[in-house]
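Trainee: Could we take one part of this model and go through it slowly, from its own geometry to what surrounds it?

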Amino acid sequence: MSNATVSRALNDHPEVSSETRARVLELAAVSGYQVKTRKPATPTIGLAYPTDPVRPDHGSFESAMLSGVLRGINEQRFDVTWVNVERDKSPHESHVEFFRRKGLSGVIVRTIVPESEIGEELASEGFPCVLMADRSDDARVNCIWSDSRADSARAVDHLVHLGHTRISIVSHTFLDSDHRDRRDGYLEGLRRHGIDPDPGLIVSSIGTLDGGRQAIERLLSLESPPTAIYFTTPPATLGALQRCLELGIAVPKELSIVGFDDSDTRFHSFPHYTAVCQDAQQMGFEAARWLTRSISGMHDGPLRERRPTTFSVQQSTAIRPLQMVRLTPAGVARIDSSPGGGASQP
């Protein structure tokens, strides 16, 4: 391997393959060589993703958060860059070594998968970091998150007050702290109204349009289908509304739907959907402003901010229908919910 190739690998040159870079970094680590990074003319923070940062189940959160981050870095005149840890980090590097090789002064970490320990690792080495939309029990870890548990329970209150008792939840397959809050709030809401949770009404699904569409088909095919459903991600909510429209199921007259919103997605559907809402843009702004101020020596204490969500009642919820909607091999059936009631075709 030539000296030029080694130099390019150590300086993260784009023409060097990931295999060659990994081999050079491994040899450097064995020899004790410390990779030197040039200090950028403008300090830069990273918006770091442990996995692929571009996925449809992220919905509107990423764009809203990035808008806030871009506002937040302006005060201290920082730059921001996207970082894909899974793609670029050598297995022989620590996260701190990786971020320093990238020339970063600090990072906002968007942990998508649950149980990620990157925040604890960075905190133990003193590298400036904020966990976004997640939290840690380690008091050294800076984090900002929305607590959606109370408003998820409030969503159930709303549906029960409208007469619903067959209430389902469609939660994300990745149960990070945010999505655990939404599921736990749903269960709390049922129990305080004396409703025993039905395991058949608790569904996990990918948070995409297709995930929402498939959940509608699965839940409405049950022998005793729900009359109301809470979707914990915006894309799944939109997919559910689309599928109901295709099937000729009237929302909210025949089925009530509560969704989740990170910005203003609820106003871009038909009908506008009732939602538990978090402000992703404000979270991005506060995380970026705190991090850049901290790097600039303007903060001493940690950032441990729990932000409340809100509950927005729109047009997708209504009183429990007299007939439950059920999908059968013959099509959509309406089932009389009164004792002894039968099914009728549209």
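Trainee: Please look closely at helix H7 for me, beginning at its end: which glycine just after H7 takes a positive phi, and of about how many degrees?

Mentor: That residue is glycine 163, whose phi is about 100°. The model is predicted, so local features need pLDDT of at least 70 and side-chain atom pairs count only at pLDDT 80 or more, whereas totals for chains, interfaces and linings use all residues. Residues are numbered from 1 along each chain as its sequence is written, and side-chain values use heavy atoms, with hydrogens and water left out.

Helix H7 covers residues 149–161, helices being DSSP runs of H or I with at least four residues and strands runs of E with at least two, numbered from the N terminus. Its 13 residues, at 1.5 Å a residue, should span 18 Å (1.5 Å times one less than the number of residues), and the end C-alpha atoms lie 19 Å apart, which agrees.

Within H7, the buried residues (under 20% relative accessible area, 1.4 Å probe, protein chains only) are Asp151, Ser152, Ala153, Ala155, Val156, Asp157, His158, Leu159 and Val160. What covers these buried residues includes helix H8 (177–192), together with strands S6 (167–172), S8 (228–231), S9 (256–261), S10 (274–277) and S12 (310–312).

Turning to H8, its axis and that of H7 come within 7 Å and cross at roughly 40°, with axes fitted to C-alpha atoms over the stretch in contact and angles running from 0 to 180 degrees between N-to-C directions. H7 is therefore oblique to H8, a word for angles that are not under 35 degrees, over 145 or from 65 to 115. The crossing of H7 and H8 is right-handed (the near helix is turned clockwise from the far one by less than a right angle).

On the H7 side of this contact (heavy atoms within 4.5 Å) are Arg149, Ser152, Ala153, Arg154, Val156 and Asp157; they meet Asp181, Arg182, Asp184, Gly185, Tyr186, Glu188, Gly189, Leu190 and Arg192 of H8. By class, the contact of H7 with H8 holds eight charged residues (Asp, Glu, Lys and Arg), four nonpolar ones (Ala, Val, Leu, Ile, Met, Phe, Trp, Tyr, Cys and Pro) and three polar ones (the others, Gly among them). Ser152, Ala153, Val156 and Asp157, which take part in the contact with H8, are also among the buried residues of H7.

Note on methods
Buried < 20%, exposed > 50% of the residue type's maximum accessible area, 1.4 Å probe, protein only.
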